[in-house]
Amino acid sequence: MASGKRESFDNPVVEWIDSRLPLFTLMNKEYGVFPVPKNFNYFWNFGAIASFMLITMIVTGIILAMQYTANIHMAFDSVERIMRDVNFGWLIRYIHMNGASFFFIAVYIHIFRGMFYGSYKAPREILWILGVIIFLLMMATAFIGYVLPWGQMSYWGATVITNLFSAFPIIGEPIVTWLWGGFSVDNPTLNRFFALHYLLPFIIFAVVFLHVWALHVCGSNNPLGIEPQDKKDTLPFHPYYTMKDSFGLLVFLILFCAFVFFMPDALGHPDNYIPANPLVTPAHIVPEWYFLPFYAILRAITFDTNLVMLGGFGLMFMPFFWNVLAMLVKQFAKMDLPRFKAMTPKAPFLIGGLVVAGAGFALSGLIPLLTDVTIIEAKLGGVLAMFGAIVLWIFMPWLDSHPVRSAMFRPVFKTLFLILVVDFIFLGYVGSQPADAMLVGLPLSIFGLIATAYYFAFFVVVLPILSVTEQGKPLPKSIHDAVLSQHKAAKAAKK
Ligand code: HEM
């Protein structure tokens, strides 16, 4: 049975295999002649770098698992044995430890690249959503992996984060007991975390497969954010981008090796070299650096959400939720509900909602019944904000409906987005500091709250409003035209 058109290869062995299982035809179609926009910059290297890091983590993880013991009495010592007695155990462990950090560096750059150049917009929504799912899975994997060495930070980090689930009313406590497999973080917890830490990377691998599949269906975006129109706008993936990706990877690996060989513990916490002790709480429990911005968001919510504030938030998203409802009703009940034109929340609702929510916050406790009724307690609010900060990314394609993709042609978006990047890094700093830290004579927590407010405002207020108000700059006619005019300008400047 023939399926699709096969290529013929000069090499007789390749030809023999391909005529029976067209693997080489498939590889050549997807990674050889695959047309790719010819104007990629170095930010487009990070998907390939992330793929390389994922494989590195799986390979080094499997080797570590051969020597690791998932038992609270032996885990810490088994890691020390890997470091001291196992041949090259130190190298494998340092690659795995620092690999997690570098994997996150690559993926953070990859995500912010996607946001900057509008890669989340149609037709790449599913590709984007799969990316957000990958990121959530990566966070879960990294969190449970950090518990395995059974150091002080492993134990106390696990205790703090799993305890967060107790914030959910009624089901919270049973969920935590179920997660722990007992009444505290203990041996059953370590055992299941090890099992899951082995499993999750393979699930990530499967989702990455879907992610790249979706990419190959709609093709890559590019720094200009316009679609390629003909052959002049693209290049075959091989040898152009195989070479460019290899070069980028090499530079990245030089930096990675500098950490692995010269400062392997720089990104970790010294307390994790102290065996876990349930009787001694570390003075300052901090997660790994890549969780810090979200940890700061968790800690920023120190106030209860009352009925008025919730009403305000509801108002902000009314057009958005209404349109989602209309879509679902149309799909499943085959009925037409009136639509708010586009999926994007509307400016009057956003501003009105913000005013109501702000009033609810300011008047807390002043108008009995309305502002007295706590709907979401501070702890639950923090947990929802932390997870919401990532889940919100899923909705980006609908929160930002501006017709222009790339920030290169949206000056206001560009400025506010760059502020978001600085804001995110600042949140990381806030998350790294003790809860009672001060900055310029004021509690750091106030700055944390302001930075959290900007983070959310960017997605739920700025994006929808700019979608309808921002005048984009004129777009080039084609990728080829833009590349050529850039080339001409550079030549003229040289003269
Ligand atoms: C294990 C983690 C990941 C791997 C291995 C991975 C892999 C890749 C690869 C190989 C590409 C094509 C090359 C490139 O555009 O850089 C790509 C594109 C893309 N990825 Fe990922 N990715 C990962 C995580 C994510 C995450 C977390 C997001 C977003 C939340 C994301 C969003 C995107 C988007 C939007 C594109 C298309 C970019 C464009 O066409 O401009 N990816 N990914």
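This passage walks through the surroundings of the ligand, one long-listed helix and one pair of helices in a predicted model.

A good place to start is the ligand. Its shell is formed by 29 residues, and the closest of these are Gly 47, Ser 119, Gly 131, Ser 220 and Asn 221. Four elements each give two or more residues to this shell: α3 (46-65), α5 (89-116), α6 (125-147) and α9 (187-218). In terms of residue class, the shell around the ligand holds 19 nonpolar residues, together with 9 polar ones and 1 charged one.

Attention can now move to helix α10, which runs over residues 237-262 and so counts 26 residues by the helix assignment. From the first C-alpha of α10 to the last, the helix reaches 35 Å, close to the 38 Å expected at 1.5 Å a residue. Several of its side chains belong to buried residues, namely Phe 237, Tyr 241, Asp 245, Phe 252, Phe 256 and Val 260. The cover over these buried residues includes α2 (23-32), β1 (35-37) and β2 (234-236), along with α3 and α5; α3 and α5 also give residues to the shell around the ligand.

Further along the chain, helix α11 (residues 292-300) meets helix α18 (residues 444-469), with axes that come within 9 Å and cross at roughly 110°. Angles of 65 to 115 degrees count as roughly perpendicular, and α11 and α18 are therefore roughly perpendicular to each other. On the α11 side, the contact is made by Ala 296, Ile 297, Arg 299 and Ala 300, and α18 answers with Gly 448, Leu 449, Thr 452 and Tyr 455. By class, this contact brings together 5 nonpolar, 2 polar and 1 charged residues.

How values were computed: Residues are numbered from 1 along each chain as its sequence is written. This is a predicted model: local features need pLDDT of at least 70, side-chain atom pairs count only at pLDDT 80 or more; totals for chains, interfaces and linings use all residues. A residue is near a molecule or strand if its C-beta atom, placed from the backbone, lies within 6 Å of it. Ala, Val, Leu, Ile, Met, Phe, Trp, Tyr, Cys and Pro count as nonpolar, Asp, Glu, Lys and Arg as charged, and the others, Gly among them, as polar. Axes are lines fitted to C-alpha atoms, for helices over the stretch in contact, and angles run from 0 to 180 degrees between N-to-C directions. Angles under 35 degrees count as roughly parallel, over 145 as roughly antiparallel, 65 to 115 as roughly perpendicular and the rest as oblique. Two residues are in contact if their C-beta atoms, placed from the backbone, lie within 7 Å. The expected span of a helix is 1.5 Å times one less than its number of residues. A residue is buried if 20 or more other C-beta atoms lie within 10 Å of its own, exposed if 12 or fewer, and partly exposed in between; C-beta atoms are placed from the backbone.
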